[in-house]
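Trainee: I should like to take a close look at one part of this protein and then see how the rest of the chain is described in the same terms. Please take me through it step by step.

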Amino acid sequence: ADARAVARRSPSEGATGASVEITGANLTDLVAVRFNGVEASFRELAGSLVATVPSTATTGPISVTTAAGTYVTASAFTVTRLAAPVISGFTPTAGAAGTSVRIDGANLTGVTSVRFNGVDASFLSFGGSLSATVPNNATSGPITVITAGGTNTSASAFTITVGPGPVITSFTPTSAEIGTSVEIRGLYLRDVTAVKFNGVSAVFTNSLFRPLSALVP
């Protein structure tokens, strides 16, 4: 057997990171796949070969090397470049940490990072739409989107707002021994960072489905 029986590859062009299927015969005992001399990662799949266009590849032939030899395609694989992301706007334009922000624009696929004034945020990219969650330590400033095609920063700033402070309307029981669990009710008690009894820090639980409670310290 020899490696010269490679027949075709599909597609014939693509951006870095794209998967390219190489079909033919004698595609066993693979040693290397190269795009214009740049080594690529690859895997065998149902009798064919699937390779990933490496990040530093340039337009040129694909070579496949097996234990029996090397075959170089007669035609070139064209390496295209992804267009840089474009941010046309975002909604809402202000919010506190934890707010979900929809980012509008173009070329918002293959997103690798979203930042609020330089602070990395968690995000969800699907079908060309992009949404990100305002991180806890973000400050007011522009939003930056990074993809394999480049980086773009919004022309306008996202304003970080501070949510309303907590309000205690009642607690039960109103007197108890040390170690007793006290249920605290009120408003804006979802993002509690500390509970204190007359200035003394207490252990507390604040789950989504139960009221805030703390142990008398």
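Which residue of β5 does R34 stand opposite?

Mentor: In this predicted model, R34 stands opposite E39 in β5. That position belongs to a pairing of β4 with strand β5 (residues 38-40), which is antiparallel and runs over 3 bridges. The two strands form a hairpin with 2 residues between them. N36, in the turn of this hairpin, has a positive phi of about 50°.

Strand β4 also pairs with β8. These two strands run antiparallel and are joined by 5 bridges. Within this pairing, L30 stands opposite T66 in β8. A useful residue to examine in β8 is S63, as this strand covers residues 62-66. S63 has a relative accessible area of 11%, and it counts as buried because that value is under the 20% cut-off. Leaving aside residues up to four places away in sequence, S63 touches A32, V33 and R34, and also T70, Y71 and V72. R34 is thus named twice in this region: it stands opposite E39 in β5, and it is one of the residues that S63 touches.

With regard to strands in general, side chains alternate between the two faces of the sheet when the strand is regular.

The next feature to consider is the aromatic side chains, since one of them lies in β4. The structure holds 3 aromatic pairs. In one of these, the ring centres of F35 and F77 are 5.3 Å apart and the planes stand at 80°, so the pair is edge-to-face. The angle decides the class here, because planes over 60 degrees apart count as edge-to-face. This pair links distant parts of the chain: F35 is in strand β4 (residues 30-35), F77 is in the loop between β9 (69-72) and β10 (78-80), and the two are 42 residues apart. Both residues are buried, F35 with a relative accessible area of 2% and F77 at 1% relative accessibility.

Another aromatic pair is formed by F90 and F158; it is tilted, with 6.1 Å from centre to centre and 55° between the planes. This pair, too, links distant parts of the chain, with F90 in strand β11 (residues 86-91) and F158 in strand β19 (residues 150-160), 68 residues apart. F90 and F158 are both buried. Ring pairs link these two residues and F116 into a cluster.

Strand β11 leads on to the peptide bonds. A cis peptide bond joins T91 and P92, with omega of about -5°. P92 lies in the loop between β11 and β12 (94-95). The peptide bond from T172 to P173 is likewise cis, and its omega is near -5°. P173 has its place in the loop between β20 (167-172) and β21.

Backbone angles deserve attention at two further residues. N117 is not a glycine, yet it has a positive phi of about 50°. This residue is found in the loop between β14 (111-116) and β15 (119-121). N117 counts as partly exposed, at 33% relative accessibility. Y188 is not a glycine either, and its phi is positive at about 55°. Y188 lies in the loop between β21 (181-187) and β22 (195-197). On the surface, Y188 forms a nonpolar patch with V167 and L187, and together the three have about 290 Å² of accessible area.

A last residue, V203, offers a contrast with S63. V203 is placed in the loop between β23 (200-202) and β24 (204-205). Its relative accessible area is 60%, and V203 is therefore exposed, whereas S63 is buried at 11%. Apart from residues up to four places away in sequence, V203 touches S213, A214 and L215. V203 and L124 are 79 residues apart in sequence, and their C-alpha atoms are 34 Å apart in space.

To return to your question, R34 stands opposite E39 in a hairpin formed by β4 and β5, and β4 is joined by 5 bridges to β8 as well.

Key:
Residues are numbered from 1 along each chain as its sequence is written. This is a predicted model: local features need pLDDT of at least 70, side-chain atom pairs count only at pLDDT 80 or more; totals for chains, interfaces and linings use all residues. Side-chain values use heavy atoms; hydrogens and water are left out. Helices (H or I, at least four residues) and strands (E, at least two) are DSSP runs, numbered from the N terminus. Buried means under 20% relative accessible area, exposed over 50%, partly exposed in between (1.4 Å probe, protein chains only). Contact means heavy atoms within 4.5 Å. Rings of Phe, Tyr and Trp (its six-membered ring) pair if their centres lie within 6.5 Å; planes under 30 degrees apart count as stacked, over 60 as edge-to-face and the rest as tilted. Patches are made of residues with over 30% relative accessible area and no salt bridge: like charges are joined within 9 Å, nonpolar side chains (Val, Leu, Ile, Met, Phe, Trp, Tyr) within 5 Å. Accessible areas come from the Shrake-Rupley method with a 1.4 Å probe; for residues, only the protein chains shown count as cover. A salt bridge is a side-chain nitrogen of Lys or Arg within 4 Å of a carboxyl oxygen of Asp or Glu. Two strands pair if DSSP finds at least two bridges between them.
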